Amino acid sequence: MATCRLASIGDQVIGIDRMLAMAAPALVQATFAWMDHQRARSQSAPPLPLVVALPSRSRPGFDARLEPHFLRALEARARVPIDHPRSQLVFGCRGGGVQAMEMAIERVRTGEVEAIAVGGVDSWFDPDALEWLDRELRLHSMENENGFIPGEGAAFLLVTSRHRAAALPRLAQLVGAGTALEPRPYGSEEPCTALGITAAVKRAVTAIGPRARRIGWTMTDVVNERHRVDEWMFVMARAHEAVVRDHVHEQPLLTTGDLGAASAGMMVAIAAARWQSLCAPADCVLLGLHSDGAERGALVVSEDPS
């Protein structure tokens, strides 16, 4: 089976142990500037709230230890103090990554938290998961174009208000987020008409008003699976006013392999890196995420205006 996996993690490491090996370095990188700034102010960094997107509980091979032990184990491994009472796990695969970000944005907006780390970690490198994908004919191969390449990864962001971020390096701005449930997801008896992702996209672009007409860049988790291609085609037909006609559509998971719950965070990181390196096709990007289940999500991210 063709997979995109990290060569730095042994093939015998699976489940929660593999998730921690990926998540800890990403969390340290995302929070380093904030923790360093806090230590300079008060000699010690206060615990940081954290929202993490993880695979769906219904996925074959799901490690039941994630729910009770993941946050404590991640804190010990990354050595980043976590505010456990105000932290949360979201088990929603790709769409769950947007749900986690929507929760983080709202908590910062209302002043509930000063700053919050948010992201996701996922891996398809598990015997049960791979066997299930093989049985369902969902693995991309020379004989099966209607499939995807399983991948793995972790990505985290530190989200705070513009006022609080004044002393920190600012890489991007989360402008709008939208989530919705698809009433007829993959595997349903009736055909999917993309009502969920359409609603999520419309909610995300509503936050930017007239600027929605200026979005010239979209990035999605669409790969070679026909049902995901069809869903995004429906969205572009219904929400065509949200993007310019000749917008650039990028599909990074064709290169990285499917990143599951880490997809949303990774796409934001990719956009930020493109802006930093001056090779982005536009100053604003619309992200679209589709879970295997009902969860759908969309994000509008812009280059930091400063």
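Which residues lie nearest the centre of the largest pocket? In this predicted model, Leu157, Leu158, Val159, Leu171 and Ala172 hold that place, within a lining of 37 residues.

**Figure 1. The largest pocket and the elements around it.** The largest pocket encloses about 1100 Å³ of space. Two or more lining residues are given by each of helix 1 (16-42), helix 3 (93-109), strand 4 (152-160), strand 5 (173-181) and helix 8 (263-276). Of these elements, strand 4 supplies the largest share of the lining, namely seven residues. Sorted by class, the lining of the largest pocket consists of 25 nonpolar, six polar and six charged residues.

**Figure 2. The cavity inside the protein.** Empty space of this kind is found by calculation, since rolling a probe the size of a water molecule over the atoms shows where such space is left. How many cavities of 30 Å³ or more does the structure hold? There is one, and the volume of the largest cavity is about 140 Å³. Its lining is made up of 15 residues, and those nearest the centre of the cavity are Gly15, Met19, Gly61, Ser123 and Asp126. When the lining residues of the largest cavity are divided by class, eight are nonpolar, three are polar and four are charged.

**Figure 3. The whole chain, as a setting for the other views.** The protein has eight helices and nine strands, and its C-alpha trace spans about 60 × 50 × 35 Å along the principal axes. A compact globule of 306 residues would have a radius of gyration near 19 Å, and the protein agrees with this because its own value is 19 Å. Buried residues account for 52% of the 306 residues. If one takes the contacts between residues at least 6 apart in sequence, 77% of them join residues that are at least 24 apart.

**Figure 4. Helix 2 and its covering.** Which residues of helix 2 are buried? They are Leu66, Phe70, Leu71, Leu74 and Ala78. As background to their spacing, an α-helix has 3.6 residues a turn, so residues three or four places apart point the same way. The covering of the buried residues of helix 2 includes helix 1, strand 1 (50-54), strand 2 and strand 3 (115-123). Helix 2 is followed by arginine 79, which is found in the loop between helix 2 (66-78) and strand 2 (88-91).

**Figure 5. Two residues with a positive phi.** Most residues other than glycine have a negative phi. Arginine 79 has a positive phi, near 60 degrees, although it is a residue other than glycine. Cysteine 93 likewise has a positive phi near 60 degrees. Is each of these residues buried or exposed? Arginine 79 is exposed, with a relative accessible area of 72%, whereas cysteine 93, which lies in helix 3, is buried, with a relative accessible area of 4%.

**Figure 6. Cysteines without a disulfide.** A search of the whole structure gives zero disulfides. Why does cysteine 4 form no bond with the closest cysteine sulfur? The closest cysteine sulfur to that of cysteine 4 belongs to cysteine 93 and is 16 Å away, which is too far for a bond, because a disulfide requires two cysteine sulfur atoms within 2.5 Å. For cysteine 192, the closest cysteine sulfur is also in cysteine 93, and here the distance is 15 Å, again too far for a bond. Cysteine 4 is partly exposed, with a relative accessible area of 27%, and cysteine 192 counts as partly exposed too, at 23% relative accessibility.

**Figure 7. Distances along the chain and in space.** Alanine 199 is found in helix 5 (residues 195-206) and is partly exposed, with a relative accessible area of 24%. Alanine 199 and histidine 290 are 91 residues apart in sequence, and their C-alpha atoms are 12 Å apart in space. Histidine 163 lies in the loop between strand 4 and strand 5, where it counts as exposed at 64% relative accessibility. The C-alpha atoms of histidine 163 and leucine 286 are separated by 25 Å, and the two residues are 123 residues apart along the chain.

Conventions. Residues are numbered from 1 along each chain as its sequence is written. This is a predicted model: local features need pLDDT of at least 70, side-chain atom pairs count only at pLDDT 80 or more; totals for chains, interfaces and linings use all residues. Side-chain values use heavy atoms; hydrogens and water are left out. Buried means under 20% relative accessible area, exposed over 50%, partly exposed in between (1.4 Å probe, protein chains only). On a 1 Å grid over the protein atoms alone, a cavity is a set of points where a 1.4 Å probe fits but cannot get out, and a pocket is an open set with protein on both sides within 12 Å along at least five of seven lines; lining residues have an atom within 4 Å of a point. Grid points are joined across faces, edges and corners, and a volume is the space filled by probe spheres set on the points. Ala, Val, Leu, Ile, Met, Phe, Trp, Tyr, Cys and Pro count as nonpolar, Asp, Glu, Lys and Arg as charged, and the others, Gly among them, as polar. Helices (H or I, at least four residues) and strands (E, at least two) are DSSP runs, numbered from the N terminus. The radius of gyration is taken over C-alpha atoms; the globule rule is 2.2 Å times the number of residues to the power 0.38. Contact means heavy atoms within 4.5 Å.
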